[in-house]
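Student: Got a minute to go through this fold with me? I'd like to start with the sheet and the helices.

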Amino acid sequence: MVLRPFNAPGARLALKSKRPATLPAAQAGESEVILDVSRLLSRAFHPSPTGIDRVEYVYARELLERMPDRLSFAAVHPAGGYYGRLSTAAVRQFLAFTAAKWRNAGVEDDGEGRAAVIRHMFATRPRPVPRPTRPRIYLQVSPHHLDDHDQVGAILRAEGARLVTLVHDVIPLSHPEFARPQGATEHRKRVRTIDSFAAGIIGNSQATIDALAPHMVRGMEGRVVRVAHFGADAPDIFGAKGEELPDRPYFVYISTIEPRKNHLLLLNVWRRLIEQHGDAAPMLVLIGRRGWENENVIDILERGEALRGHVIEAGEVSDNRMHALMAGARAMLMPSFVEGFGMPVVEALAAGVPVICSDISAHREVGGDAPDYLDPLDGLGWLRAVSAYAQAVSPERDAQLERLQEWRAPTWRLYFDIVEELLEQLDLSAG
């Protein structure tokens with residue numbers, strides 16, 4: 001089924017020429033908030049979510065609870081045209097369907113799942129943009145279509161809205177060697193759009209805001225900027241019972257297989273563990289899809305006979321299975337070179353699971369004193385840490401479990417308190 005963009009094919013031209021009516025200044029909490037859910041719709045046929053998918057889902061869920069009378073939904077069609085407004089009732093049903101799909105990812109689909117996606121896509125067909133009756137804020141929490149500067153400008157003019165955007169990271173610009181071949185060029189376009197239009201910016205960490213600032217030609221002054229750490233509580237998505245787990249001590253790494261995630265270090269560590277301990281070596285479970293520029297890692301996974309039975313590439317799994325695997329692990333490992341936030345670190349710590357992670361600013365910001373931090377180039381250090389944590393009696397692991405008693409997980413309640421405060425500040429500044 002091919003979805004047609006709203007008012008296609010002349011959607012962009014029509015949007016560029018439209019001008020909003022003059023509206024009275026907003027008071028705090030009075031603007032209409034238009035949440036863009038383009039990312040979720042574009043990923044509707046994918047069984048498992050990415051981190052960005054999860055965040056857009058939680059925004060929709062939480063804002064529906066907090067501001068149902070102010071909230072509207074819109075989207076851009078995957079083909080590029082402005083999709084228009086969406087039925088709130090249809091979006092609610094789509095969110096419930098999406099959460100159930102994520103919980104059960106990996107269950108064999110008899111065709112009904114795909115048919116259900118098509119039904120939801122039809123239900124969320126676009127409606128025309130209504131005339132504004134009060135100020136509007138267009139809330140974009142994924143990078144979807146931000147690389148199209150002109151289109152975003154046209155949408156904002158059509159809606160008569162100011163833009164608030166969530167920035168997940170600036171890695172393709174700060175570390176282009178870890179991005180896709182065109183990643184830096186595409187991200188530079190996204191940052192240009194943010195620089196041109198964003199009245200408000202939400203950073204998932206101070207590390208992200210600090211990395212963004214040098215790339216903002218117009219600077220950060222005059223914008224409302226807030227840092228809000230993603231919450232680790234999403235009980236309607238997560239939770240698992242009855243999952244089959246490895247029969248000996250194991251560690252997990254939850255990540256797309258891509259260069260900056262540093263899987264190669266762990267595979268070399270595990271080869272050494274197997275040389276030292278044979279079948280008594282702990283297991284490593286890799287959770288996540290295969291990404292890009294990862295030929296050397298894939299070669300080892302597919303042809304490394306010594307690793308068979310010791311390193312398990314689980315791939316994309318259901319949320320139920322992912323959280324069951326995490327809960328039973330000796331530790332969650334995360335040796336990545338650079339991160340915008342590091343959600344698996346927070347989720348593991350929140351579940352009471354020890355974390356051994358790379359010593360980078362984003363991990364320090366969210367993990368505090370709880371994890372054990374290692375340089376992502378320190379192979380021998382990782383070998384020693386994994387060996388220590390694998391023991392049935394592990395003082396190192398016990399010490400982290402004790403530190404975890406003092407660590408406090410970020411919550412989505414606090415996160416959206418910060419988001420609401422930003423929106424209210426924008427209303428006041430417009431007045």
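Tutor: Sure. One term before we start: contact here means heavy atoms within 4.5 Å. Also, keep in mind that this is a predicted model.

Student: OK, so which strands does helix α3 lie across?

Tutor: Helix α3, residues 51–66, lies across β1 (32–36), β2 (71–76), β4 (136–140), β5 (161–167) and β6. Its direction is at about 155° to β2.

Student: And what's the strand order in the sheet?

Tutor: The order is β3-β2-β1-β4-β5-β6-β7, in an open sheet of seven strands with mixed pairing.

Student: Which strands stand at the edges?

Tutor: Those are β3 (82–86) and β7 (224–227). Each has a single partner strand, so one side of each has no neighbour in the sheet. As for twist, the average is 20° from one strand to the next.

Student: How do β6 and β7 pair, parallel or antiparallel?

Tutor: Parallel, over four bridges, with β6 covering residues 198–203. If you want a spot to look at, Gly 200 stands opposite Val 224 in β7.

Student: Switching topic: what angle do α10 and α15 pack at?

Tutor: About 55°, with the axes of α10 (residues 263–277) and α15 (residues 379–390) 10 Å apart. That makes α10 oblique to α15, and the crossing is right-handed.

Student: Which residues meet there?

Tutor: From α10, Leu 265, Leu 266, Val 269, Trp 270, Arg 272, Leu 273 and Gln 276. They meet Gly 379, Trp 382, Leu 383, Val 386 and Ser 387 in α15.

Student: How many of those are nonpolar, polar and charged?

Tutor: The contact of α10 with α15 has eight nonpolar residues, three polar and one charged.

Terms used
Residues are numbered from 1 along each chain as its sequence is written. This is a predicted model: local features need pLDDT of at least 70, side-chain atom pairs count only at pLDDT 80 or more; totals for chains, interfaces and linings use all residues. Side-chain values use heavy atoms; hydrogens and water are left out. Two strands pair if DSSP finds at least two bridges between them. Helices (H or I, at least four residues) and strands (E, at least two) are DSSP runs, numbered from the N terminus. Axes are lines fitted to C-alpha atoms, for helices over the stretch in contact, and angles run from 0 to 180 degrees between N-to-C directions. Angles under 35 degrees count as roughly parallel, over 145 as roughly antiparallel, 65 to 115 as roughly perpendicular and the rest as oblique. A crossing is left-handed if the near helix is turned anticlockwise from the far one by less than a right angle, and right-handed if clockwise. Ala, Val, Leu, Ile, Met, Phe, Trp, Tyr, Cys and Pro count as nonpolar, Asp, Glu, Lys and Arg as charged, and the others, Gly among them, as polar.
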